[in-house]
Amino acid sequence: MKILILNGPNLNLLGEREPSIYGEISLESLIKYMNKSAQALGVEIYHFQSNNEGALIDQIHEARRDTHGIIFNPGAFSHYSYALRDAVSSVNLPVIEVHISNISAREPFRHLSVIAPVCLGQISGLGLEGYGLALDFLVKHLTNPSTD
Ligand code: CA2
């Protein structure tokens, strides 16, 4: 089983700025941690981060070939990218949207995700742990969807 961890704009800065909102852990450390979790679950993960909408769309399209699910933090694109929403709905893969911060408790423009309605579900506000929880759920969902 192969799962894509996809991170959108500015998430390359994790751990470097705004630690009170996004924590002190770098993106590299997060992916190391996710690799360990994936190994323990017996699944393969790969990671892609981009600040460009088109590159994220291309990666979602590529994933339809050999990937079973996606853990996606679209960053600020969540709030207005119909192109990313269309990409997610076009590939027919289970996608869990993850937000590190609680988008419902922040500025009004962050309250809406236009991508969430085409995802299997959304985790928001649980910090970086949200990625681990999304992986656990996705593996369970892909292995035995009847237990959802
Ligand atoms: O809470 C999240 O995960 C967000 O997707 C993060 C986005 C934000 O635009 C969304 O509304 C919610 C911003 C990512 C910025 O990441 C940074 C990380 C460290 C330092 C500065 C920015």
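This is a short tour of a predicted model, with a few selections to make in your viewer.

**Stop 1: helix H3.** Select residues 53–66, which make up helix H3. Now colour its buried residues: Leu56, Ile57, Gln59, Ile60 and Ala63. Where do these buried residues fall when you look down the axis of H3? They lie within an arc of 160 degrees, so they line one face of the helix. A general point helps here: an α-helix has 3.6 residues a turn, so residues three or four places apart point the same way. Next, show what the buried residues of H3 pack against: strand S1 (2–7), strand S2 (44–49), strand S3 (69–73) and helix H4 (82–91).

**Stop 2: a pair of rings.** Select Phe77 and Tyr80, which form an edge-to-face aromatic pair. Their centres are 5.9 Å apart, and the planes make an angle of 70 degrees. Is each ring's residue buried or partly exposed? Phe77 is buried, at 9% relative accessible area, while Tyr80 is partly exposed, at 49%.

**Stop 3: a charge over a ring.** Pick Lys2 and Tyr46 together. The charged end of Lys2 sits over the ring of Tyr46, 5.0 Å from the ring's centre.

**Stop 4: the ligand.** Finish by selecting the ligand and the 17 residues around it. Those that come nearest are Asn73, His79, Ile100, Ser101 and Arg110. Then look for oxygen atoms of the ligand:

- A side-chain N or O atom of His99 is 2.9 Å from a ligand oxygen.
- For Ile100, a backbone N or O atom lies 2.7 Å from a ligand oxygen.
- In Arg110, a side-chain N or O atom is 2.8 Å from a ligand oxygen.

Definitions and conventions. Residues numbered from 1 in each chain as written. Predicted model: local features only at pLDDT ≥ 70, side-chain atom pairs only at ≥ 80, totals over all residues. Heavy atoms only, no water. Buried < 20%, exposed > 50% of the residue type's maximum accessible area, 1.4 Å probe, protein only. Helix = DSSP H or I, 4+ residues; strand = E, 2+ residues; numbered from the N terminus. Arc of directions from axis to C-beta. Contact = heavy atoms within 4.5 Å. Phe/Tyr/Trp six-rings, centres within 6.5 Å; stacked < 30°, edge-to-face > 60°. Lys NZ or Arg CZ within 6 Å of the ring centre and 35° of its normal. Near = heavy atom within 4 Å. Polar contact = N/O pair within 3.5 Å; in protein donor to acceptor, adjacent residues only side chain to side chain.
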